[in-house]
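User: Please take a close look at one helix of this model and set it in the context of the whole chain. I would also like an account of the enclosed and open spaces.

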Amino acid sequence: MFVHIITHPIVSVILTWPYLSWNWVDTRGLKLNGWVCVALIAIFHWLEDEWRVWSIQETGSPDSTGFFLWDQVVHLTMILAFSPTIPSAPTASWVFPLLCAVLLAHFTSVLIFFMENDLWGKSLVLSDGKYRFIGERLIGAALFLLPGAWFLLAFLWIGWIVYLHYQKVEDRTWVHMVVGNATVVLLGLLTRGLLS
């Protein structure tokens, strides 16, 4: 848990180093600089994750898709609540594509895992093929970034993935096919739009 929790503040400090002394939250009654905000996000991250583990182990709450999504909403709410609001600060062009890549890689894999577990009591998406599946999604989304009509190759890539599934070359469930390919299209097109 410690390694999981400490990763966020370390990455946050590295990425926001020049801005940590600035006030990230600046309201009438509350002024918090970047250092305090990063610390608060880390503390709330730890509290949420500890509560989730406790409620699963001690109260028998199901470790389900709904619980996973709730956990993500809480984390995002805390990040947004303590993120800097600096109107004149430009957003680096690499931030949104990187966020989309993270969503395609880890978030989508875990979402598929929970959905399959809820439906069938098991999932193979996080097994040996995990990184292959992540790579396939990243390639598919990257093809959406090709110029002009070349982005349509992404749909050929998705077609290839569907073909492999129906030829039984790849072991995927229909949940994996739908959620994985839907996120490729959604995040690929979103990234294309953000970069154009």
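Analyst:

**Helix H2 and its surroundings**

This predicted model has a protein chain with seven helices and two strands. Along the sequence the elements run α-β-β-α-α-α-α-α-α. The C-alpha atoms occupy a box of roughly 60 × 50 × 25 Å along the principal axes. Of the 196 residues in the chain, 34% are buried. Among contacts between residues at least 6 apart in sequence, 62% link residues at least 24 apart.

The helix chosen here is H2, which covers residues 34–58. H2 contains 25 residues and spans 35 Å from its first C-alpha to its last, close to the 36 Å expected at 1.5 Å a residue. At the N-terminal end, Asn33 acts as a cap, with a side-chain oxygen 3.0 Å from the backbone nitrogen of Trp35. Just past the other end of H2, Gly60 adopts a positive phi of about 75°.

The buried residues of H2 are Gly34, Cys37, Val38, Ile41, Ala42, His45, Glu48, Asp49, Arg52 and Ser55. An α-helix has 3.6 residues a turn, so residues three or four places apart point the same way. The buried list includes Glu48, Asp49 and Arg52, which count as charged. The packing partners of the buried residues are helix H1 (2–16), strand E1 (23–26), strand E2 (31–33), helix H3 (65–82) and helix H4 (95–120).

H2 also has a part in the largest pocket, a space of about 2,300 Å³. Of the 47 residues that line this pocket, His8, Ser12, Leu15, Ile79 and Leu99 are the closest to its centre. The elements that contribute two or more residues to the lining are H1, H2, H3, H4 and H7. H4 gives the largest share, twelve residues. By class, the lining of the largest pocket comprises 33 nonpolar, eleven polar and three charged residues.

The enclosed space is a separate matter. There is one cavity of 30 Å³ or more, and the largest cavity holds about 90 Å³. Its lining consists of Phe133, Glu136, Arg137, Trp157, Ile158, Ile161, Arg172, His176, Met177, Gly180, Asn181 and Val184. Helix H5 (130–143), helix H6 (153–166) and helix H7 (174–195) each provide at least two of the lining residues. H7 makes the largest contribution to the cavity lining, with five residues, and H7 is also listed among the elements that line the largest pocket. The cavity lining divides into six nonpolar, three polar and three charged residues.

One residue of H6 can be followed in more detail. Val162 is located in helix H6. Val162 has a relative accessible area of 27%, and is therefore partly exposed. Apart from neighbours within four places in sequence, Val162 is in contact with Met177 and Asn181. Both Met177 and Asn181 appear in the lining of the largest cavity. The C-alpha atoms of Val162 and Trp174, which are twelve residues apart along the chain, lie 9.9 Å from each other.

To return to H2, its buried residues pack against two strands, E1 and E2, and against helices H1, H3 and H4. H1, H3 and H4 are also among the elements that, with H2, give two or more residues to the lining of the largest pocket.

Note on methods:
Residues are numbered from 1 along each chain as its sequence is written. This is a predicted model: local features need pLDDT of at least 70, side-chain atom pairs count only at pLDDT 80 or more; totals for chains, interfaces and linings use all residues. Side-chain values use heavy atoms; hydrogens and water are left out. Helices (H or I, at least four residues) and strands (E, at least two) are DSSP runs, numbered from the N terminus. The expected span of a helix is 1.5 Å times one less than its number of residues. Buried means under 20% relative accessible area, exposed over 50%, partly exposed in between (1.4 Å probe, protein chains only). Contact means heavy atoms within 4.5 Å. A polar contact is a pair of N or O atoms within 3.5 Å; within protein, one must be able to donate a hydrogen and the other to accept it, and residues adjacent in sequence count only if both atoms are side-chain atoms. On a 1 Å grid over the protein atoms alone, a cavity is a set of points where a 1.4 Å probe fits but cannot get out, and a pocket is an open set with protein on both sides within 12 Å along at least five of seven lines; lining residues have an atom within 4 Å of a point. Grid points are joined across faces, edges and corners, and a volume is the space filled by probe spheres set on the points.
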